[in-house]
Amino acid sequence: MGKWLDIKGPVVADTVYADSTLVAKDVTFTLPGVEFLTADVQAMGNLSVPLIGLLENMELSITKIGLDSGLKRLNRLEKQSLEFRWVQNVVKSDGSTSQEGCKAFVRTMPGSFPELGVEVGSATEGECTYNVTRMQIYANGSELLLVDRLSQILRFNGKDYMTAINNLL
């Protein structure tokens, strides 16, 4: 078995769609991590154990340059579906390079309207934040994870960790 993994390089472009409408290109965004609530149990002192199925709040942020219709579209005080697409360079074992597409589908609830810093000679930048109810991430056509808080789905690499819990209810 070889000891080579494809090297995932820099992101070369990205786009953001809100309810299937293009709202931004080449922005900075941070998809939320999945953090479990924990419980302390006694095991040679305290041991924090993750409670699979109970999650901390998931928050998404998008940093956008300029005041435009895209920012206006992103800042609605209602739920919306966002789609993120990005392309990353990949170096193969033979030294060749290619591009790989990644996507994230996210359902959100309003979070906050960004504060706007305005300075002469500089671009206006705003960071929008959202509360995430559903997130699904794909890399090169393969699903990495699906978290749907309202439908109680917690799937990592094809395994749904909520199935056992839901079957007992």
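Tutor: Helices (H or I, at least four residues) and strands (E, at least two) are DSSP runs, numbered from the N terminus. The model discussed here is predicted.

Student: Where is Asp26 found?
Tutor: Phi of Asp26 is near 50°, a positive value in a residue other than glycine. The residue is exposed, with a relative accessible area of 60%. As for its place in the chain, Asp26 is found in the loop between strand 2 and strand 3 (28–30).

Student: How many helices and strands are there in the protein chain?
Tutor: From the N terminus on, the elements run β-β-β-β-β-β-α-β-β-β-β-β-β-α. Counted by type, the protein chain has 2 helices and 12 strands.

Student: What is the radius of gyration of the protein chain?
Tutor: The C-alpha atoms fill a box of roughly 60 × 50 × 35 Å, taken along the principal axes. For a compact globule of 169 residues, the radius of gyration would be near 15 Å, but the protein chain has 19 Å.

Student: What percentage of the residues of the protein chain count as buried?
Tutor: Buried means under 20% relative accessible area. Ile62 in strand 6 is one such residue, because its relative accessible area is 0%. Of the 169 residues of the protein chain, the share that counts as buried is 31%.

Student: How far apart are the C-alpha atoms of Ile62 and Tyr130?
Tutor: Ile62 is found in strand 6. Along the chain, Ile62 and Tyr130 are 68 residues apart. In space, their C-alpha atoms are separated by 8.7 Å.

Student: How many salt bridges are found in the whole structure, and which residue forms one with Asp6?
Tutor: The search of the whole structure finds 10 salt bridges. In one of them, the closest N and O atoms are 3.5 Å apart, and the partner of Asp6 is Lys92.

Student: How many residues apart are Lys92 and Asp6?
Tutor: Their salt bridge has its closest N and O atoms 3.5 Å apart. Lys92 is in the loop between strand 7 (80–91) and strand 8 (97–112), and Asp6 is in the segment before strand 1 (7–18). The pair therefore links distant parts of the chain, and both ends count as partly exposed, Lys92 at 30% relative accessibility and Asp6 at 33%. In sequence the two are apart by 86 residues.

Student: Which strands hold Lys8 and Glu100?
Tutor: The side chains of Lys8 and Glu100 meet in a salt bridge of 2.9 Å, N to O. The pair ties together parts that are 92 residues apart in sequence, because Lys8 lies in strand 1 and Glu100 in strand 8.

Student: Is Glu100 buried or exposed?
Tutor: Its partner Lys8 is partly exposed, with a relative accessible area of 42%. Glu100 has 7% relative accessibility, and the cut-off for the lowest class is under 20%. Glu100 therefore counts as buried.

Student: What is the N to O distance between the side chains of Arg76 and Asp19?
Tutor: Arg76 is in the loop between helix 1 and strand 7. Asp19 is in the loop between strand 1 and strand 2 (21–25), 57 residues apart from Arg76. Arg76 is partly exposed at a relative accessible area of 22%, and Asp19 is partly exposed at 33%. Their side chains meet in a salt bridge with an N to O distance of 2.5 Å.

Student: Which residues are linked with Asp19 in a network of salt bridges?
Tutor: Asp19 meets Arg76 in a salt bridge. The network that holds Asp19 also links Arg73, Arg76 and Glu78.

Student: What is the phi of Asp19?
Tutor: Most residues other than glycine have a negative phi. Asp19, in the loop between strand 1 and strand 2, has a positive value, near 50°.

Student: Which residues make the nonpolar surface patch?
Tutor: Leu67 is found in the loop between strand 6 (59–65) and helix 1 (69–74). A patch residue needs over 30% relative accessible area, and Leu67 counts as exposed at 58%. The patch covers about 450 Å² and is made by Leu67, Phe113, Leu116 and Val118.

Student: Which residues gather in the patch of negative charge on the surface?
Tutor: Glu125 lies in strand 9 (residues 125–139) and is partly exposed, with a relative accessible area of 45%. The residues that gather in the patch are Glu59, Glu115, Glu125 and Glu127.

Key. Residues numbered from 1 in each chain as written. Predicted model: local features only at pLDDT ≥ 70, side-chain atom pairs only at ≥ 80, totals over all residues. Heavy atoms only, no water. Patch = residues over 30% accessible without salt bridge, like charges linked within 9 Å, V, L, I, M, F, W, Y side chains within 5 Å. Areas by Shrake-Rupley, 256 points an atom, 1.4 Å probe, with all protein chains shown as cover. Salt bridge = Lys/Arg side-chain N within 4 Å of Asp/Glu carboxyl O. Lys, Arg positive; Asp, Glu negative; His and termini not counted. Charge placed at Lys NZ, Arg CZ, Asp CG, Glu CD. Buried < 20%, exposed > 50% of the residue type's maximum accessible area, 1.4 Å probe, protein only. Rg over C-alpha atoms; globule rule 2.2 N^0.38 Å.
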